[in-house]
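This report walks through one protein chain, beginning with its interior and moving outward to its strands and a surface loop. Please keep the sequence and the structure in view while reading.

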Amino acid sequence: NDANYATESTGFVYIPAAGDWTFNVNSDDGFMLTFPGASLTAVSASHLGSALGANGELRYNGGRGDNNTFGVFNFPTSGFYQIRLVHW
């Protein structure tokens with residue numbers, strides 16, 4: 001039904017300099033954000049339940065109202081990186 005759905009968005013992000021870059025996902029319920037080739041090094045959230053995923057994903061598993069989850073990803077070099085966001 002229209003209350004249960006998921007979306008997947010993919011593309012590329014240009015990272016102009018190697019190092020740590022912070023990304024935020026504002027979600028109402030769960031999500032998973034990944035950058036293949038980068039490593040997730042820190043998570044900050046305004047709601048309990050955010051966690052590092054098994055493969056370096058920034059993710060929130062569960063239901064919640066509108067909240068932010070910040071993740072710091074370390075990119076080893078500058079350049080284009082694939083981005084994948086799954087939201088449910």
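The model shown here is predicted. Its largest nonpolar core has 13 residues, and those that touch the most other members are F23, F31, L33, F35, L58, F73 and F75. At least two residues of this core come from each of strand 2, strand 3 (31-34), strand 6 and strand 7.

Which residues does F23 touch, leaving aside those up to four places away in sequence? The list consists of I15, L33, F35, L58, T69, F70, G71, F73 and F75, and among these, L33, F35, L58, F73 and F75 also belong to the group of core residues that touch the most other members.

The chain around this core contains 8 strands and 0 helices, so that reading from the N terminus gives the succession β-β-β-β-β-β-β-β. Of its 88 residues, 32% are buried, and its accessible surface comes to about 5100 Å², with 52% of that area belonging to carbon and sulfur atoms. Among contacts with a separation of 6 or more, 78% join residues that lie 24 or more positions apart.

Three of the strands form an open sheet in the order 2-7-4, with antiparallel pairing. Strand 2 and strand 4 each have a single partner strand and stand at the edges, which is why one side of each is left without a neighbour in the sheet. On average, and ignoring direction, neighbouring strands of this sheet are turned by 25° against each other. The antiparallel pairing of strand 2 with strand 7 extends over 9 bridges, and one of the residues concerned is S27, whose bridge partner in strand 7 is N67.

The strands named so far cover the following residues.

| Strand | Residues |
|---|---|
| Strand 2 | 19-27 |
| Strand 3 | 31-34 |
| Strand 4 | 39-45 |
| Strand 6 | 58-60 |
| Strand 7 | 67-75 |

A last position to consider is G63, which is found in the loop between strand 6 and strand 7. Is G63 buried or exposed? Its relative accessible area is 53%, and because the cut-off for exposed is over 50%, G63 counts as exposed. Although G63 and S27 are 36 residues apart in sequence, their C-alpha atoms are 9.6 Å apart in space; S27 is the residue already met as the bridge partner of N67.

Note on methods. Residues are numbered from 1 along each chain as its sequence is written. This is a predicted model: local features need pLDDT of at least 70, side-chain atom pairs count only at pLDDT 80 or more; totals for chains, interfaces and linings use all residues. Side-chain values use heavy atoms; hydrogens and water are left out. Two strands pair if DSSP finds at least two bridges between them. Helices (H or I, at least four residues) and strands (E, at least two) are DSSP runs, numbered from the N terminus. Axes are lines fitted to C-alpha atoms, for helices over the stretch in contact, and angles run from 0 to 180 degrees between N-to-C directions. Buried means under 20% relative accessible area, exposed over 50%, partly exposed in between (1.4 Å probe, protein chains only). Contact means heavy atoms within 4.5 Å. Accessible areas come from the Shrake-Rupley method with a 1.4 Å probe; for residues, only the protein chains shown count as cover. A nonpolar core is a set of buried Ala, Val, Leu, Ile, Met, Phe, Trp, Tyr and Cys residues joined through side-chain atoms within 4.5 Å.
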